[in-house]
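Please walk me through this model in the viewer, telling me what to select at each stop and what is to be found there.

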Amino acid sequence: MAEINSEPAEQSIYNRINVLKAFDETKSGVKGLVDSGLSKIPTIFINEEYMLERNNNIHNQKSGSSTNNGGIPIIDLTGVDNDPNLRREIVKKVGEACEKWGFFQIINHGIPVTTLDEMMDGIRRFHEQDKEAKKEFYSRDITRKVYYNSNFDLYLAEATNWRDSLNCVMAPRGPFPQQLPAICRDIFIEYSNKVMKLGHTLLELFSEALGLNRSYLEDIGCGEGLFMIGNYYPPCPEPDLTLGINSHTDCGFFTILLQDQIGGLQVRHQNQWLDVNFIHGALIVNLADMMQLISNDKFISVHHRVLTNTKGPRVSAASFFRTHLPPENASRLYGPIKELISQENPPLYRELLLKTSC
Ligand code: OGA
Ligand code: NI
């Protein structure tokens, strides 16, 4: 890959695009780079903002790491379907977590740990298979049901992220089974069915925590779209210079995230980055922008990111609950829920029409 460090600004922007194109055309992602053997990361991955932050932290003696899940709530869903007292407690905890954190972990959520482990294995198998077999899935055509690529925003982002992704539109109108890669087909179908069901339980809990009837969020279409990404973060030779994924918020209603034991996920809370610890068998839930909008800021969509590491690879499965697909979504307006609005609590957002699936 061309080195672009020492060139004048204009020239290096031009070159960056060429380097990005060359990287894209390998159709082998970051994993392909790592497999070719490198001790330094290519310049396109260098994240100046992150380097600056690290530098400042060293000088201020501050550390972003934490133990004990950083205080991020861990909620036990035992009894949610059959014990009204426990359910009331759970709704209360979910409500507090959504208002203060926008992020929590759930245990005893009903998805067997064997399913979770198999899902992690399936994603790993896909990314670690022969690169020629992977290439047929490589695409930036977001109208496809199933596609693999590295950095969905490759040509727009300031710094390229150290990760590859297998993307699947699972609902509505999911892929035909044969469109999914055979190497992880069965577990993707099994996991997505179970995550969809759990997502519906969570929507009930969110509805109740907002003081709405149980089916409210489901009825307005918050459980219709499911977009699933199998992420692969290869080991990185220079983890202080780049990120697995930059700080961002998710754009749909909420996300159910499964991570492996490597760690690296961080959430922004009260001006600090906190580590989200690995808990075997747990799932992470985070609220996304559309939930903040419809709840009129009662629930929050918070920034999070993933650090890289030398020991990896790290694997994760992100399941995004989002609106219906085009063209159906074009007939739906989303704004602050009327029942949550009053004179003291006026709407903070206008109603909006979503042109793409978000
Ligand atoms: C995402 C995301 C975190 C992770 O894909 O939006 O935040 O652990 N992923 O992979
Ligand atoms: Ni995210």
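Select residues 185-209 to begin: this is helix H7, whose 25 residues reach 36 Å from the first C-alpha to the last, close to the 36 Å expected at 1.5 Å a residue. Move on to Gly211, just after H7, and the backbone there takes a positive phi of about 80°.

Since this is a predicted model, colour the chain by confidence before going further; the pLDDT averages 93 over the protein, and 93% of the residues score at least 70. Residues 1-6 deserve separate treatment, for their pLDDT is below 50, although the model gives this stretch 13 contacts beyond near neighbours in sequence.

Next, select residues 222-325, where UniProt, in an unreviewed entry, places the feature "domain: Fe2OG dioxygenase". The end C-alpha atoms of this span lie 12 Å apart, and the span is 46% strand and 6% helix.

Now display the four strands that form an open sheet in the order E6-E11-E8-E9, with antiparallel pairing. At the edges stand E6 (243-248) and E9 (272-275), each with a single partner strand, so one side of each is left without a neighbour in the sheet. Looking across the sheet, you can follow a twist that averages 30° from one strand to the next.

For a last stop, keep E6 and E11 (residues 304-307) on screen: the two strands run antiparallel and are joined by three bridges. Which residue of E11 is the bridge partner of His248? Selecting His304 shows that partner.

Note on methods
Residues are numbered from 1 along each chain as its sequence is written. Chains are lettered from A and ligands numbered from 1 in the order in which they are written. This is a predicted model: local features need pLDDT of at least 70, side-chain atom pairs count only at pLDDT 80 or more; totals for chains, interfaces and linings use all residues. Side-chain values use heavy atoms; hydrogens and water are left out. The expected span of a helix is 1.5 Å times one less than its number of residues. pLDDT is the predictor's confidence in each residue, from 0 to 100. Contact means heavy atoms within 4.5 Å. Two strands pair if DSSP finds at least two bridges between them. Axes are lines fitted to C-alpha atoms, for helices over the stretch in contact, and angles run from 0 to 180 degrees between N-to-C directions. UniProt positions are given in the numbering used here, feature names are shortened, and annotations may be inferred rather than shown by experiment.
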